[in-house]
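Subject: Structure for your review

Dear colleague,

Please find below the structure that I am handing over to you. My findings follow directly after it.

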Amino acid sequence: MGSSQFDTIIVGSGISGMAAGIILAGYGEKVLVVEQHTIAGGLTQTYTRKGSVFPTGVHRLGSLNPGQSLWYYFKYLDLMDRLELVPLSSEGFEHFFFPSGKYKIPVGHDAYRKQLTTYFPDEANAINRYCKEFRKAISGIGMYDPCVTPEKNRMLEYSGSVDEYLNTLGISGHLKSLITGNNPLYGMPSFECPLIMHFTISDSYLNSGFRINEVKTPFSKALSDSFQARGGRIKLNAMVKQVCVKDKTAVGVILENGEQFGAEKVVFSGHPVYLPDICPPELFRPVYLKRLNRPNTPGICGVAMKWKNEVCPVKDHDVYIYDTWDVDYHYRRSSVLGNDPLGMVYVSALPNPQSSAIQDGNVSATALTAINDIEYKKLAENYSNSNYSEYQRMKEKVTHKILDHLTIVFPDVINQVEIADCYTPATFQRYTLTPNGTGYGIKKSARNFMAAMFSPATKIRNLFLTGQSIGFNGIHGSIVSSVRLCSLLLGDDQLFKKIAGTQN
Ligand SMILES: Cc1cc2nc3c(=O)[nH]c(=O)nc-3n(C[C@H](O)[C@H](O)[C@H](O)COP(=O)(O)OP(=O)(O)OC[C@H]3O[C@@H](n4cnc5c(N)ncnc54)[C@H](O)[C@@H]3O)c2cc1C
C-alpha cells in the first residue's frame with residue numbers, strides 16, 4: 001500500500017460512523033467512509049413500500065429541545081437545521097397496555113412522578129425515592145449530556161441491574177412492570193440491564209420525544225450532507241474485506257473488489273465480532289476475542305403498515321402492547337413462528353408525507369417484536385433464493401401473529417391497515433452485517449458491566465472502534481461512542497465541553 005490517501009477511513013455509514021466522520025472532517029481531516037451497502041445510513045436508512053416510507057432503526061428520538069442532551073450533539077453535527085422534527089404528545093408520548101388497561105407516560109420528570117403516583121398511590125414513597133435517585137444518577141455521569149462534567153464519573157455506581165435496584169426500593173409487581181416496560185428500547189430484560197442504561201434511555205425520552213419527518217428530511221441524507229459539506233467522501237458498495245496492518249499498525253483497507261485505500265487511521269463501526277475476520281486475529285488477546293463474542297441482543301421482526309383512511313391510533317405516541325404483566329416474557333418465549341403468545345408488540349409511526357404534523361390517512365406505522373436466535377437461524381436458512389417461498393411463508397406467519405396481537409388494543413386493525421412489508425433479523429443481517437441480525441449489538445451486562453463495554457482503541461495501533469456495541473446503543477449512545485473516540489483521536493479532551501458550548 002502506497003502513501004496514505006486519507007487521514008481517516010471509517011468503515012460503516014451508520015450514525016456512529018457518520019458522527020465520527022462529521023467531527024473529524026470538521027477538524028480538517030481528509031475522511032473516507034466506506035459502506036458495504038448500496039445506500040448510506042446503516043440503521044438510519046428508510047425504505048419505501050407501496051408508496052410509503054418506513055424507518056429501519058430510528059422510530060423516535062429524545063432530548064432534542066434546545067438545551068437538552070441530544071440537541072447539543074445534533075447541533076454540533078450540524079443536523080438540527082437539516083431535519084424537520086415532529087414532537088410526540090407531551091401528555092402521553094408512550095402508552096403501555098397491560099392486562100388491566102392503559103397507562104400513559106407524560107413528558108417531564110415531575111409529571112412522570114405524579115403520574116406514577118396517580119396510578120400507584122400506595123407506593124408514593126418508593127416512587128419518590130426512585131425518581132430522586134434517577135435524577136441524581138443522570139447528573140452524576142459524564143458524556144451522556146455533554147454539559148455534565150461530574151468531578152467523579154459515577155457510572156459504575158449504577159452498573160447493577162435495574163431489577164435488583166427496584167427490589168431494594170420495595171418496588172415490585174405492576175409498578176415495576178410499568179417502569180421497566182420500556183425494555184424493548186434496550187433489547188434486554190430488566191435483570192440483565194445495567195441501571196444506568198435504563199436511566200439514560202428513560203431520561204432521554206422523558207425530557208422530550210420526537211419523530212423525524214423522513215419524507216421531507218431523511219435522517220441518513222442529513223448525515224451524508226453534513227459530512228460532505230465538510231469535504232468528507234462516501235464510497236458505497238464497498239465491503240471491507242481486510243484492514244491492512246504493517247508492523248502491528250493499521251495503514252488502510254482492502255475492499256472485496258480488490259480496491260485498496262491507505263490511511264493514517266482506520267475506524268471500524270460495524271459489529272466488532274468481525275474484527276478477527278478482517279484483521280490478523282493473532283494480534284488480539286484470546287480474552288479480548290472472547291469478549292467480542294459476548295451474547296448479543298435479539299433480532300427484531302417488524303410489520304410495516306399503512307393506516308388507511310382511519311384515524312391512526314399511534315399518530316402522536318408509541319405504544320407497547322403487553323398481553324402479560326411479565327415484561328421480560330417476550331425475551332424468554334421460544335417461538336414467534338409457533339403458537340406461543342407474543343408477550344409484547346411495540347408500535348410506532350412516521351409523520352404523514354404531506355404535512356409536518358401526523359395527520360389521518362396513510363400514516364406509516366411499524367409493529368415490532370423480538371425474535372430469538374434459534375428462530376433467526378430458521379429464517380436465515382431460507383433467506384436465500386433457493387428457498388425464498390418458505391421464507392415468505394414464515395414472514396406471513398410472523399405478520400399474522402403480530403397483527404393478531406395488535407387486535408388486543410386495536411380490534412379492527414385488519415380492516416384499517418394495508419400491509420406494506422414484513423421484515424426479519426435476516427433483513428437486518430443483510431443490510432447492516434450484524435451477527436444473527438441483532439437489533440442493538442452486544443448485550444450490556446449488569447453482572448459484569450466492564451466486560452461488555454469496549455475501549456475505542458485496539459491492540460492494533462491506529463485501528464479504532466465505535467458503534468452501538470462499543471458503548472450504549474441507540475442514536476444517542478452511538479453518537480456518544482463516536483465523540484469519545486474523536487476526543488481520543490484528536491487528542492482533544494475538551495471536545496465534550498466544546499459541544500456543550502454549541503450556541504442556539
Ligand atoms: C428495529 C430497530 C429500531 C430501533 N429504533 C430506535 C429508535 O427509535 N431510536 C434510537 O435512538 N435507536 C433505535 N434503534 C437503535 C439504533 O438504530 C442503533 O443503536 C444505531 O443506529 C446503531 O448505529 P451504528 O452506527 O452503531 O450501526 P449501524 O447503523 O448498523 O451501522 C454500521 C454500518 O457498518 C456497515 N458495515 C459493517 N461492516 C462493514 C464492512 N466490513 N465493510 C463496509 N461496511 C460495513 C454496515 O453495513 C452498516 O451500514 C433501533 C434499532 C433497531 C434494530
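How many of the eight residues of helix α15 (residues 425-432) are buried? In this predicted model, the count is seven of the eight, so helix α15 is largely enclosed by the rest of the structure. The buried residues of α15 are Pro425, Ala426, Thr427, Phe428, Gln429, Tyr431 and Thr432. Their cover includes the strands β14 (299-307), β17 (363-371) and β18 (417-423), together with helix α12 (373-382). After α15 comes Leu433, which has a positive phi, near 55 degrees.

The chain as a whole

The protein chain contains 17 helices and 19 strands. For its 504 residues, a compact globule would have a radius of gyration near 23 Å, and the value of 22 Å for the chain agrees with this. The C-alpha trace spans about 65 × 60 × 45 Å along its principal axes. Of the 504 residues, 53% are buried. Among contacts between residues at least 6 apart in sequence, 71% join residues at least 24 apart.

Helix α1

Helix α1 covers residues 15-26, which is 12 residues. From its first C-alpha to its last it reaches 16 Å, close to the 16 Å expected at 1.5 Å a residue. Because 11 of its 12 residues are buried, α1 is largely enclosed by the rest of the structure. Those buried residues run from Ile15, Ser16, Gly17 and Met18 through Ala19, Ala20, Gly21 and Ile22 to Ile23, Leu24 and Ala25. They pack against three strands, β1 (6-11), β2 (31-34) and β13 (260-268), and against two helices, α8 (219-229) and α16 (474-489). Gly28 follows α1 and has a positive phi, near 90 degrees.

The nonpolar core

In soluble globular proteins, nonpolar side chains tend to be buried together. The largest nonpolar core here has 148 residues, of which Ile9, Val11, Val266, Val345, Ala365 and Ala367 touch the most other members. Helix α1 gives the most to this core, with eight residues. Val11 can be followed further: beyond its neighbours within four places in sequence, Val11 is in contact with Val34, Val240, Val253, Val266, Val267, Phe268, Ser269 and Gly270.

The surroundings of the ligand

The ligand is surrounded by 36 residues, and the closest are Gly12, Gly14, Gly42, Gly57 and Gly270. Two elements, α1 and α16, give two or more residues to this shell. The largest share, four residues, comes from α16. Sorted by class, the shell holds 21 polar, 13 nonpolar and two charged residues. Gly270 thus appears both among the closest residues to the ligand and among the contacts of Val11.

Leu195

Is Leu195 buried or exposed? Leu195 has 23 other C-beta atoms within 10 Å; the cut-off for a buried residue is 20 or more, so Leu195 is buried. This residue lies in helix α7 (residues 195-207). Leaving aside neighbours within four places in sequence, the contacts of Leu195 are Tyr158, Gly160, Ser161, Val162 and Tyr165. Glu157 is 38 residues from Leu195 in sequence, with 9.2 Å between the two C-alpha atoms.

Yours sincerely

Key
Residues are numbered from 1 along each chain as its sequence is written. This is a predicted model: local features need pLDDT of at least 70, side-chain atom pairs count only at pLDDT 80 or more; totals for chains, interfaces and linings use all residues. The expected span of a helix is 1.5 Å times one less than its number of residues. Two residues are in contact if their C-beta atoms, placed from the backbone, lie within 7 Å. The radius of gyration is taken over C-alpha atoms; the globule rule is 2.2 Å times the number of residues to the power 0.38. A residue is near a molecule or strand if its C-beta atom, placed from the backbone, lies within 6 Å of it. Ala, Val, Leu, Ile, Met, Phe, Trp, Tyr, Cys and Pro count as nonpolar, Asp, Glu, Lys and Arg as charged, and the others, Gly among them, as polar. A nonpolar core is a set of buried Ala, Val, Leu, Ile, Met, Phe, Trp, Tyr and Cys residues joined through C-beta atoms within 7 Å.
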